[in-house]
Amino acid sequence: MNELTRRGFLKYSGALGAALATGGLSTIARADDVLKIGVVYVSPIAEIGWTKQHSLGVEAIKSEFGDKAKLTVIDNIFMPQDAERVFRELASAGNQLIFGTSFSHGTPMQKVAPRFPKIAFEHCSGIVHLANLGTFEAKYYEGTFVAGAAGGYMSKSGKIGFIGGFPIPDIVGPANALLLGAQSVNPNATCNAIFLNSWFDPGKEKEAAKTLLSQGCDVICSMTDTATGVQVAGEGGAWSIGYASDMSKFSSGKQLTSFVLDWTSDYVGAAKAVAAGTWKPEVRWDGLAAGVVKMAPYNDGIPADVKAKLKQLEADIGSGKVHPYAGELKDQDGNVKVAAGSVLSDDGIRGMNWFVKGMIGKLS
Amino acid sequence: MELFTAIFTGTIVAATPLIFAALGELVVEKSGVLNLGIEGMMLMGAALAFWAVTAGYSMPVAILAGALAGAAASLLFGVLALTFLTNQYAAGLALAIFGSGVSAFIGRGFGSDPIEALHGVNIAILSGLPVLGPLLFRFDPLVYLALAMFVAISWFLYRTKAGLILRTVGESPQTSHAIGYPVIRIRYMAVLFGGLMAGLAGAYLSVAYTPLWVENMTAGKGWIALALVVFATWRPLRVLLGAWLFGGMTILQLQGQALGLQVPSELLSALPYLATIVVLVLISRNRQMLALHFPASLAKPFRPAG
């Protein structure tokens, strides 16, 4: 991984300018058979969490391509105004493939991409597609459904606790699926949801987890970027469900499972396509079947027959036999949102801004 | 009852880092210096204390290391603001940014292995009491230290000669200088004390409250502590009450969310801030009282003449 320097940028942008003047960007980009890739992380690489999982994708490209790929990684870029500058610089520096890894990178990428039509842009958790801007995203709800089923089997109180960052569809949907998974084995299960209204606040997360414990929840799922929820649940003797990475080492041995995100196929796939000249902007939205969502090893405290059922559930969701949002689905007030026999549409899933019956909490 | 215990103890614990940081800043501001860098000093304290635990040092040593890291960071501010008479706002902001950057840099190598948190105390008879035990006597030692610091600082500021001198320096450094008090040295000591307390607050976060290290783990608590001092009109008791109020509202809004209160979570999340501001503004309506407690020379650089 090489560090970007200001001088380097100037050099590259100068070269690029000259090249543009003499015609054609693709000719120089291909000149030296080494694929140049730029990646922008939203936070520093920690041992666990969102950015860590992206860094595994980058590592996969490295081991796949060896010295045939030259990666430039810039981390801790959250604010859109910073991101726009960084994306422009990466594009000017001659990278042929550029990854953005956060929803907040969306607007900057949409601004920069049209100016560099020969460069492939890939945006994780993006919603807008352009001629040279593709997106990839995980079906978190498949993971939370299976995890919720595990919680449903193991919970004594039938009360699941959920902690999320903001009440947006990307978080509300998986929270619903968590409860639906639990209800698939215990129809009376309920879920208390707390939103921190912050992407990052370990102190508040701790208090939220303790709050859920004090209200009788004995399975805690925290869809935030730290292991605090898992940690507090373990200390309080409750089961926990991790997110993004396997968080079992924080859980005092109480992590039921974790829905792990594995972007390897997205990273390597895009890199290979660009190298082969076949890259097209795609909308990739994969889950258990493609292995983008994976369940971390189940806790040893789960009985073997339950483990087998959970594995079967994973397979059934992967094959499409079971759909987490299959009807009949009712909202909190009992109105039927999805009729029996049908499933929630993809747009309905991506825009889910309502709680299913049994969720405790209020969405604005 | 269990719910009440959870809310009560949660409040006390959540308020503890704020009490440390805000009381420290109170002493600094009483000496006429405004150090906006609490967030940075807390992060330094959090990082160093966490490092000390992972390096195998005992808990008291780790907490001391955190406090000293905060003090060391404050010394940097002291040199800039007191010796070189730079603008205190700018120097403080620089410290806040510097501290978060340096702590992130130090913290790169920490990994994220979990550490054993600071344990709650176990006082032979008291902790075992049926109702009062879990309510009052099972906190970790730093919670009690925060309360002891409150008593000590209140006593120091208003009941000792040294405290009177410190306040005098904050009111009129010229006068203090004229009657022979070493203004700069006194301010240095106040700034170092503030750093020590901010470091303690940070250490509390990383080894007791949320026993892990993550970049910027203070998540704005330093700024809240800063605001508390102002809203508390520079009075120790109000700092304490403000911190509890803020902590209590934080816990209550989470309980409210989990109970399914029919109020959007965004509004509930704003409650601690709203409530704290409203209450502290209400109790500070008396302008005369405000003027009485506001350090008249706050943030004004002082150069000993002659």
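This talk goes through the sheets, the domains and the chain interface of the structure above.

The model is predicted. I will start inside chain A, then turn to its contact with chain B.

Chain A is divided into two parts: domain 1 covers residues 6-138, and domain 2 is made of 141-260 plus 294-360. Taken over C-alpha atoms, the centres of these two domains of chain A lie 33 Å apart.

Now the sheets. One of them is an open sheet of six strands in chain A, with parallel pairing. Reading across, the order is β2-β1-β3-β4-β5-β11. The edges are taken by β2, residues 69-74, and β11, residues 283-286, and each of these pairs on one side only. On average, neighbouring strands of this sheet are turned by 15 degrees against each other, with direction ignored. For a closer look inside the sheet, take β3 and β4 of chain A. Strand β3 is residues 97-100 and strand β4 is residues 120-124, and the two pair in the parallel sense over four bridges. If you want a residue to find on the screen, A:Gly100 stands opposite A:His123 in β4.

There is also an open sheet of seven strands in chain A, and here the pairing is mixed. Its order is β12-β10-β9-β8-β6-β7-β15. Which strands stand at the edges? They are β12, residues 293-295, and β15, residues 359-360; each has a single partner strand, so one side of each is left without a neighbour in the sheet. Within this sheet, β6 at residues 159-164 and β7 at residues 190-195 pair in the parallel sense over six bridges. A:Gly164 has A:Phe195 in β7 as its bridge partner. Please keep β7 in mind for later.

Next, the contact between the two domains of chain A. Domain 1 puts in nine residues and domain 2 puts in 13 residues. Together the domains bury about 790 Å² between them, with 52% of it on carbon and sulfur atoms. On the domain 1 side, the residues that lose the most area to domain 2 are A:Ile48, A:Trp50 and A:Gln53, which together make up 57% of what that side buries. How many salt bridges are there between domain 1 and domain 2 of chain A? The count is zero. Polar contacts do occur, in four residue pairs across this domain interface, both residues being at pLDDT 80 or more.

That leaves the two chains. Here 33 residues of chain A are in contact with 36 residues of chain B. The buried area between the chains is about 2,900 Å², and carbon and sulfur atoms give 55% of that. In chain A, the residues losing the most area to chain B are A:Glu207, A:Gln215 and A:Lys362, together 20% of what that side buries.

The count of salt bridges between chain A and chain B is one. In this salt bridge the side chains of A:Asp201 and B:Lys221 meet, at 3.7 Å from N to O. Nine residue pairs are in polar contact across the chain interface, again with both at pLDDT 80 or more.

As for the elements involved, β7 comes back here. Strand β7, helix α8 at 202-214 and helix α9 at 228-235 of chain A each supply at least two residues of the side that touches chain B. Of the elements on that side of chain A, α8 gives the most, with nine residues.

That is the end of the talk.

Technical notes:
Residues numbered from 1 in each chain as written. Chains lettered and ligands numbered in written order. Predicted model: local features only at pLDDT ≥ 70, side-chain atom pairs only at ≥ 80, totals over all residues. Heavy atoms only, no water. Pairing = 2+ DSSP bridges. Axes fitted to C-alpha atoms, helices over the stretch in contact; angles between N-to-C directions. Domains from an automatic or database assignment. Contact = heavy atoms within 4.5 Å. Buried area = accessible area lost by both parts, 1.4 Å probe. Salt bridge = Lys/Arg side-chain N within 4 Å of Asp/Glu carboxyl O. Polar contact = N/O pair within 3.5 Å; in protein donor to acceptor, adjacent residues only side chain to side chain.
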